[in-house]
Amino acid sequence: MSFQAYLDSVKAKTGKTPADFKALAAEKGLTKHGEIVAWLKSDFGLGHGHANAVTQVILHADKPKVSRDEKVDNHFMGGKGSWRPAYDDLLNQMQQFGPDVAVAPTSSYISILRNDKKFAVVQVTTNRLDIGIKLPGTPVEGRFEESGRWNAMVTHRIRIDAAEQIDAEVLERLRQAYERA
């Protein structure tokens, strides 16, 4: 479900827009993420995801908008900058899978999407790239380890310590995930 779909669903259920909720939260003096989520869940019967979406708008609507490219750039600040060429090359190769490959950066990783459906993630550290791949039912073997608690949005994790490790095997797994998305 897209972020806007969450907000549309909340409006359909409650008749209120994020601006309405923002005004109500201000009247109640609610300023912290957890207390706003709890209030939306208890007073309006919203599920956690829907309450979280509204809370994000309440707390961050007035912040300057950051472009997708700027959000991606933020992942390569400081010591992480050495990974930018490897990431750019990887993204270029994934875009060869089809015209519907896109990125959606979050604060902690970059989601790789096919028609808005996540099939992989890339997380950058100073020492490596971690690539998460969504391939349910595919055995865990070799360097393709279970994602476990690292990221619940994907099933497998590959730790890349050197750009050369992004090889045909990694790209084939990414292609398989893309095709299933």
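This passage describes the sheet, the helices packed on it, a contact between two helices and the aromatic pairs in a predicted model.

The sheet is open and is formed by 6 strands in the order β1-β2-β3-β4-β6-β5, with antiparallel pairing. Strands of a sheet pair through backbone hydrogen bonds, in either a parallel or an antiparallel sense. The edge strands are β1 and β5 (145-146), each of which pairs on one side only. Strand β1 is joined to strand β2 (residues 110-114) by 5 bridges in the antiparallel sense. Within this pairing, A104 has S111 in β2 as its bridge partner.

Strand β4 (residues 129-133) pairs with β3 and with β6. Strand β3 (residues 117-124) runs antiparallel to β4, and 5 bridges join the two strands. They form a hairpin, with 4 residues between β3 and β4. One bridge of this hairpin places V124 opposite L129 in β4 as its partner. The pairing of β4 with strand β6 (residues 156-160) is also antiparallel and extends over 5 bridges. Here I131 has I158 in β6 as its bridge partner.

Strand β4 is mostly covered, with 5 of its 5 residues buried. In a regular strand the side chains alternate between the two faces of the sheet. In β4, L129, I131 and I133 lie on one side and D130 and G132 on the other; all are buried, and both faces of the strand are therefore covered.

Two helices that meet the sheet are α6 and α7. Helix α6 lies across β1, β2, β3 and β4, and runs at about 140° to β1. Helix α7 packs on the sheet and touches β1, β2, β3, β4 and β6. The direction of α7 makes an angle of about 40° with that of β4.

A further contact is made between two helices. Helix α1 (residues 3-14) packs against helix α4 (residues 48-60) at an angle of about 105°, and their axes are 9 Å apart. Angles of 65 to 115 degrees count as roughly perpendicular, so α1 and α4 are roughly perpendicular to each other. On the α1 side the contact involves F3, Y6, L7, S9 and V10, which meet G49, H50, A53, V54, Q56 and V57 of α4. By class, the contact of α1 with α4 has 7 nonpolar residues, 4 polar residues and no charged ones.

Aromatic rings form another set of contacts, and the count comes to 6 aromatic pairs. One of them is formed by F21 and W39, with an edge-to-face arrangement, 6.3 Å from centre to centre and 85° between the planes. F21 lies in helix α2 (residues 18-28) and W39 in helix α3 (residues 33-44), so the pair ties together parts that are 18 residues apart in sequence. F21 is buried, with a relative accessible area of 0%. W39 is also buried, with a relative accessible area of 7%.

A tilted pair is formed by F97 and Y178, with 5.5 Å from centre to centre and 45° between the planes. This pair links distant parts of the chain, as F97 is in the loop between α6 (84-95) and β1 (101-105), while Y178 is in helix α7 (residues 168-180), 81 residues apart. F97 and Y178 are both buried. Ring pairs also link F21 and W39 with F44, and these residues make up a cluster.

Technical notes:
Residues are numbered from 1 along each chain as its sequence is written. This is a predicted model: local features need pLDDT of at least 70, side-chain atom pairs count only at pLDDT 80 or more; totals for chains, interfaces and linings use all residues. Side-chain values use heavy atoms; hydrogens and water are left out. Axes are lines fitted to C-alpha atoms, for helices over the stretch in contact, and angles run from 0 to 180 degrees between N-to-C directions. Angles under 35 degrees count as roughly parallel, over 145 as roughly antiparallel, 65 to 115 as roughly perpendicular and the rest as oblique. Contact means heavy atoms within 4.5 Å. Ala, Val, Leu, Ile, Met, Phe, Trp, Tyr, Cys and Pro count as nonpolar, Asp, Glu, Lys and Arg as charged, and the others, Gly among them, as polar. Buried means under 20% relative accessible area, exposed over 50%, partly exposed in between (1.4 Å probe, protein chains only). Two strands pair if DSSP finds at least two bridges between them. Rings of Phe, Tyr and Trp (its six-membered ring) pair if their centres lie within 6.5 Å; planes under 30 degrees apart count as stacked, over 60 as edge-to-face and the rest as tilted.
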